[in-house]
Amino acid sequence: MSKAPVLEIKGLNVDYGLGEEAVHAVRDVNLTLHRGEVLGLAGESGSGKSTLAYGLTRLLPPPGVISGGQVIYHSDDGEPVDVLSLSNEDLRAFRWAETSIVFQGAMNSLNPVHKVSTQLLDVIKAHDPTSTKAARVARAREMLKLVGISADRMDSYPHQLSGGMRQRVMIGMALALEPRVVIMDEPTTALDVVMQRQILSQLIELRERLGFSVLFITHDLSLLVEFSDRIAIMYGGRIVEEAPAAQLYGESLHPYSDGLLHSFPALRGPRRELTGIPGSPPDTRGMPSGCSFHPRCPKAFEPCADKVPLLGFPDRPGEQTRTVACWLHPAHEPVS
Ligand code: SF4
């Protein structure tokens, strides 16, 4: 698998509101999605995950504003594109054709009064107006087949499909223009566990066949452990740990990651004690000082309440693949 970056998020800051009243929902986030990989992003509700997805795709509703940073997309020819400075017209082409997005509850985004075929054909036509109708129909049939829906359901209305099928249609739409990056924000949260796994297994199979990269956002770390190559953990608007999925699952360095891992039963190997995380996520209107996890952290010590730990490579042998922001493992080389 090539390790060239396809999407780089650099020092991204997203606020709600302006001036002194602004709430800092995403703070100084650095993340890189490589070609062909699944990068998982996990954290509790309110950690900033969805705001990050809306921010990097410039779909942030007001009063959300991007107050700093860059989102660099590396196209096929290697030319970097600054997504945050694209014109509206270029941005429209960029969405769907280069990057597509499946948001939480996307299955409810299908228009109830139009057949599935109409909606799929519209997406294809909007981005490829010169294509013939026959080519568009063939493409739409192919996309449905790819996501495991028989092409004879093309003429169904959304209410005639199950929730799982509607979500598959949305994933099919997201893949219709062969994007290189697919952003999925809680794509299967509304579905039952069996359907979730079926859809995600299918997505991974498609990724292997079509070669796109996935930024997969969820509060369910157990799904990420199973389906991601790497995992980033977000808390209080910041990335607090990032590591290959197996490494994080084997040993997490940040006490918050550890709490998340001990919030679901292990699928394989020895049983883990389920301890959960005490307290509630911080209120972004009044973030705790220092490490924002310190009021809930069982390992908090002297510097934690005053100084913000930087995300960086910990000073431990063999830790070149992981970054963490915790005073227990001070960064000897911060991420920039
Ligand atoms: Fe806990 Fe301190 Fe590490 Fe924050 S910096 S996670 S409070 S030990």
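This report describes the two domains of a predicted model and the surroundings of its ligand.

Residues are numbered from 1 along each chain as its sequence is written. Local features need pLDDT of at least 70 and side-chain atom pairs pLDDT 80 or more, while totals for chains, interfaces and linings use all residues, and side-chain values use heavy atoms, without hydrogens and water.

The domain bounds come from an automatic or database domain assignment.

| Domain | Residues | Residues in contact with the other domain |
|---|---|---|
| Domain 1 | 5–98 + 185–280 | 17 residues |
| Domain 2 | 108–178 | 16 residues |

Contact here means heavy atoms within 4.5 Å. The centres of domain 1 and domain 2, taken over C-alpha atoms, are 26 Å apart. No salt bridges (a side-chain nitrogen of Lys or Arg within 4 Å of a carboxyl oxygen of Asp or Glu) are found across the interface of domain 1 and domain 2.

Residues around the ligand (a heavy atom within 4 Å of it) include His254, Cys291, Phe293, Lys299 and Trp327.
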